[in-house]
Amino acid sequence: MGRVGLGVAAGCAAATCAIAAVLVARRASARARWRRAVSLLREFEEGCATPPARLRQVVDAMVVEMHAGLASDGGSKLKMLLTFVDALPTGNEEGIYHAIDLVGTIFRVLRVEVGAGSVVTSRKVELPIPEELTKGTIEELFNFVAIALKDFVEREDRKDEQKALGFTFSFPVRQTSVSSGSLIRWTKGFSIENAVGKDVAQCLNEALAGSGLNVRVTALVNDTVGTLALGHYHDEDTVAAVIIGAGTNACYIERTDAIIKCQGLLTNSGGMVVNMEWGNFWSSHLPRTPYDISLDDETQNRNDQGFEKMISGIYLGEIARLVLHRMALESDVFGYAADNLSIPFTLSTPLLAAIREDDSPDLSEVRRILQEHLKIPDTPLKTRRLVVKVCDIVTRRAARLAAAGIVGILKKLGRDGSGVASSGRMRGQPRRTVVAIEGGLYQGYPVFREYLDEALVEIMGEEVARTVALRVTEDGSGVGAALLAAVHSSNRQQGSI
C-alpha cells in the first residue's frame with residue numbers, strides 16, 4: 001500500500017472514530033436526559049407520598065379545623081356553614097314535589113313522585129342559561145327560571161294549590177333558615193353584581209309569584225346536602241355526604257350543642273346538617289409539591305381551595321401536565337414537543353383517567369392521547385410508561401387524601417373506631433355508618449375509587465372499615481332537594497336526623 005493509500009486509510013479510521021465518538025456522546029447524553037426524567041418522577045412521587053401515618057395526621061388536622069369552624073365564623077379555613085336542615089327524609093314521605101337544580105350555566109327542573117318507600121323522577125328538563133343572564137340582574141335570571149318552571153308545571157298539573165319547591169343553589173350562601181339565605185359571592189362564571197347579599201330564595205319566590213305560579217321555596221340547599229338527603233332516604237344510617245367530581249365538598253349531621261358559634265340554637269331533632277365547604281381545608285400535613293404551587297399561581301382563587309386543588313377533577317389533569325412539561329423542558333424526553341405541554345389545562349382529568357387505565361401491552365391508548373390531544377408524536381413505550389406513572393401518582397394522592405377527609409368526619413362523629421370521640425366521650429363498638437357519595441371522579445374512575453377504599457382500610461383498620469359503607473347516590477342535587485321540600489313543607493315535619 002502506498003503513501004496515498006495509507007493516508008486514505010488513516011483518514012477513514014479517523015472519521016470512523018469521530019463518528020463513533022459522536023454516537024457515544026449522543027447515547028450518553030440521551031441516557032443522562034432519561035435519568036433526569038426518572039429523577040423528576042421520583043422527586044414527584046416522594047413529594048406526593050401519603051403513608052398511613054401522614055394520612056392520620058391529615059385526619060386529626062381536619063377534626064381540629066372542624067372544631068374551630070364550629071366555634072366561630074372565620075376561625076378556620078373550613079366555613080362549617082349552618083344549613084338549618086334539622087330533619088331528613090326517612091322513606092315515609094308521600095306526594096309530588098318539584099325541584100330546581102341551579103349548579104352552573106345549565107339548570108334543571110324536576111318532578112319527583114314519592115311514596116311507598118320509593119322515589120321516582122317522573123319528569124325533568126335541562127335548560128342552558130343564556131350568557132347575558134349570567135352578567136345581568138338577579139331579577140332577569142330568576143324571571144327566566146320562573147317562566148321555565150311555570151311552563152314545566154302547567155304542562156302536567158293545572159291545580160291552583162300551592163306546591164313545595166326544593167331549590168338547589170350551588171353557590172356560596174349564608175343561610176338564615178332552611179328556606180332562606182343570602183348570596184356570599186358568585187362563582188362558575190356568574191357576575192351579577194346586584195345579587196350579593198340578597199336572599200336568593202326570596203328573589204326566586206318573588207319571580208315565581210310574578211309569573212302567576214303558586215309555588216314556594218321550602219328548602220334551599222346545595223348539591224352536597226341534597227346528596228345527604230337522598231342517601232338518608234334510602235338508609236337512615238347515612239350521616240354524611242361527599243361529592244368528588246369536578247369540584248368537591250362534604251356535609252354531615254352535627255349535634256346542635258356542638259355548634260358553639262350559635263349557642264342556644266334549638267332544633268326539633270337536636271341535630272343539624274353542616275355544610276363544611278371542605279375544598280378550602282388546609283394543613284401543613286398535606287403533601288404539597290412545587291407543581292401544586294404553580295397550579296395555585298395560575299388560578300383566579302390563589303391561596304384558596306387548597307384541598308380541592310389536590311383532589312378534585314378540574315385540577316388533577318393540570319397537575320400531571322405541569323409535571324410532564326417540566327420533564328419535557330429538563331430532559332427532552334418528548335423531543336421537540338415541549339411547547340405543546342406549555343398550554344394550561346390541555347390535559348383534562350378524563351384524559352388522565354384514560355391514560356392511567358390503559359392496560360394494553362403497548363399502551364396504545366396513551367399513544368393516541370399523546371398524539372391527538374397533546375400533539376406529541378412517536379413516543380417510545382418507556383416514555384408512555386413514564387406518563388402513566390405520573391398520572392397514577394396524581395390519582396393515588398388525590399384518592400387517599402379524600403379518604404383522609406372522610407375519616408376526619410367520622411372521627412368528629414366518633415365513628416372511626418379510635419378510643420375516644422373528639423367530643424371527649426367514650427365510644428362503644430363501632431356502629432354501622434353510611435356516607436353518601438356522588439361525583440364523576442369517584443363514580444367514573446375505578447382506579448380512584450380503589451385507591452380511596454384502600455386508604456380507608458389503612459387508616460381505620462379492616463374491622464372498623466367493614467362498618468363503613470360508601471353508598472353511591474344518583475342525582476342527589478335534584479331528587480334530594482325535592483325530598484327536602486317534602487320534609488320541610490308546611491304540612492310535613494316527619495323527617496328525622
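1. In this predicted model, the place of E450 is in helix α13, which spans residues 446-460. With a relative accessible area of 53%, E450 counts as exposed, because the cut-off for that class is over 50%. E450 also belongs to a negative surface patch, whose other members are E357, D359 and D453.

2. Helix α13 also contains V457, and this residue counts as partly exposed, its relative accessibility being 33%. The C-alpha atom of V457 is separated by 9.8 Å from that of V468, and the two residues are eleven residues apart along the chain.

3. V468 falls within strand β13, residues 468-472, and this strand pairs with β12 in the parallel sense over five bridges. Within that pairing, V472 of β13 is the bridge partner of I437, a residue that lies in strand β12, residues 433-438.

4. I437 is buried, because its relative accessible area is 0%, and the cut-off for burial is under 20%. What holds for I437 extends to its strand: six of the six residues of β12 are buried, so the strand is largely enclosed by the rest of the structure.

5. In a regular strand the side chains alternate between the two faces of the sheet. For β12, T433, V435 and I437 are buried on one side, while V434, A436 and E438 are buried on the other, so that both faces of the strand are covered.

6. Strand β12 is also joined to β9 by five bridges, and these two strands run parallel; in this pairing T238 stands opposite V434 of β12. A further relation between residues of these strands concerns I437 and I243, which are 194 residues apart along the chain, although their C-alpha atoms are separated by 5.7 Å.

7. Strand β9, residues 238-244, is in turn joined to β10 by five bridges, here with the strands running antiparallel. The two form a hairpin, with three residues between them, and I243 stands opposite N249 of β10.

8. Strand β10, residues 248-255, is mostly covered, seven of its eight residues being buried. Besides its pairing with β9, this strand is joined by five bridges to β11, residues 271-275, again with the two strands antiparallel, and E254 stands opposite M272 of β11.

9. Taken together, the pairings can be followed from β13 to β12 in the parallel sense, from β12 to β9, also parallel, from β9 to β10 in the antiparallel sense, and finally from β10 to β11, likewise antiparallel.

Conventions: Residues numbered from 1 in each chain as written. Predicted model: local features only at pLDDT ≥ 70, side-chain atom pairs only at ≥ 80, totals over all residues. Heavy atoms only, no water. Patch = residues over 30% accessible without salt bridge, like charges linked within 9 Å, V, L, I, M, F, W, Y side chains within 5 Å. Areas by Shrake-Rupley, 256 points an atom, 1.4 Å probe, with all protein chains shown as cover. Salt bridge = Lys/Arg side-chain N within 4 Å of Asp/Glu carboxyl O. Lys, Arg positive; Asp, Glu negative; His and termini not counted. Charge placed at Lys NZ, Arg CZ, Asp CG, Glu CD. Helix = DSSP H or I, 4+ residues; strand = E, 2+ residues; numbered from the N terminus. Buried < 20%, exposed > 50% of the residue type's maximum accessible area, 1.4 Å probe, protein only. Pairing = 2+ DSSP bridges.
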